[in-house]
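Okay, can everybody see the screen? I'll put the sequence and the model up, and then we'll walk through a few spots together.

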Amino acid sequence: MESPHFLRIEREGRDGSRHYVIHTHDPKFSMELMPDVAAPDKIGKGVMKRICVPNSWAGDYSRYAKFMSAAQEFFEKSRATPVSKKETFSPETRRFQT
């Protein structure tokens, strides 16, 4: 899965896993998604739970609707192609033991 502008973060906690998609270039924003249990694979494109956008975007839904749908597409595709953690670690990550 190649998308240089998006980053997916999955965090495990006591309440289960939490899924985030971050847009790293302008306009920078983040979305928290929940898996869509109604989808055939029980994940789908995700259901938007929380969106954090810059103040300059507040109320201008048409401006960022395309970015939100692109983020959901990225979420779906990134979940469909699992990559082992060993393949994703860079030399810097291994060096700092993170």
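Quick bit of vocabulary before we start: when I say helix, I mean a DSSP run of H or I with at least four residues, and the numbering goes from the N terminus. And keep in mind that this is a predicted model.

So, with that, helix α1 covers residues 61–80, and Gln-72 sits in it. Is Gln-72 buried or exposed? Its relative accessible area is 15%, so Gln-72 is buried, given that the cut-off for buried is under 20%. Setting aside residues up to four places away in sequence, Gln-72 touches Met-31, Leu-33, Lys-45, Gly-46 and Met-48.

Let me zoom out for a second. The protein chain has 3 helices and 4 strands. Reading from the N terminus, the order is β-β-β-β-α-α-α. There are 98 residues in the chain, and 23% of them count as buried. If you take contacts between residues at least 6 apart in sequence, 39% of those join residues at least 24 apart. For the surface people: the accessible surface is about 7,300 Å², and carbon and sulfur atoms account for 53% of that.

Back to one of the partners of Gln-72, namely Gly-46. Where is Gly-46? You'll find Gly-46 in the loop between β3 and β4, with β4 being 47–52. Gly-46 counts as buried too, because its relative accessibility is 9%. Leaving out neighbours within four places in sequence, the contacts of Gly-46 are Leu-33, Met-34, Asp-36, Gln-72 and Phe-75. Take Phe-75 from that list: along the chain Gly-46 and Phe-75 are 29 residues apart, yet their C-alpha atoms are separated by 7.2 Å.

Now over to the strands at the start of the chain. β1 and β2 run antiparallel, joined by 8 bridges. They make a hairpin, with 2 residues between the strands. If you want a pair to click on, Gly-13 stands opposite Gly-16, which is in β2.

Next up, pockets, and I'm going with the second largest one. How much space lies in the second largest pocket? That comes to about 230 Å³. There are 15 residues lining the second largest pocket, and the closest to its centre are Asp-15, Gly-16, Ser-17, Arg-18 and Glu-32. The elements giving two or more residues to that lining are β1 (6–13), β2 (16–23) and β3 (29–34). β2 gives the most, with 5 residues. And by class, the lining has 7 charged, 4 polar and 4 nonpolar residues.

Let's look at two of those lining residues. Glu-32 lies in strand β3, and Glu-32 counts as buried because its relative accessibility is 4%. Its contacts, not counting residues up to four places away in sequence, are Arg-18, His-19, Tyr-20, Val-47, Met-48, Lys-49 and Arg-50.

Then there's Arg-18, in strand β2. At 36% relative accessibility, Arg-18 counts as partly exposed. With the same sequence neighbours left out, up to four places away, Arg-18 touches Ile-9, Glu-10, Arg-11, Glu-32 and Arg-50. One last distance: Arg-18 and Pro-35 are 17 residues apart in sequence, and C-alpha to C-alpha they are 9.2 Å apart.

Okay, that's my tour. Over to you folks.

Conventions: Residues numbered from 1 in each chain as written. Predicted model: local features only at pLDDT ≥ 70, side-chain atom pairs only at ≥ 80, totals over all residues. Heavy atoms only, no water. Buried < 20%, exposed > 50% of the residue type's maximum accessible area, 1.4 Å probe, protein only. Contact = heavy atoms within 4.5 Å. Areas by Shrake-Rupley, 256 points an atom, 1.4 Å probe, with all protein chains shown as cover. 1 Å grid on protein atoms, 1.4 Å probe; cavity = no way out; pocket = protein on both sides within 12 Å on 5 of 7 lines; lining within 4 Å. Points joined across faces, edges and corners; volume = space filled by probe spheres on them. Nonpolar A, V, L, I, M, F, W, Y, C, P; charged D, E, K, R; others polar. Pairing = 2+ DSSP bridges.
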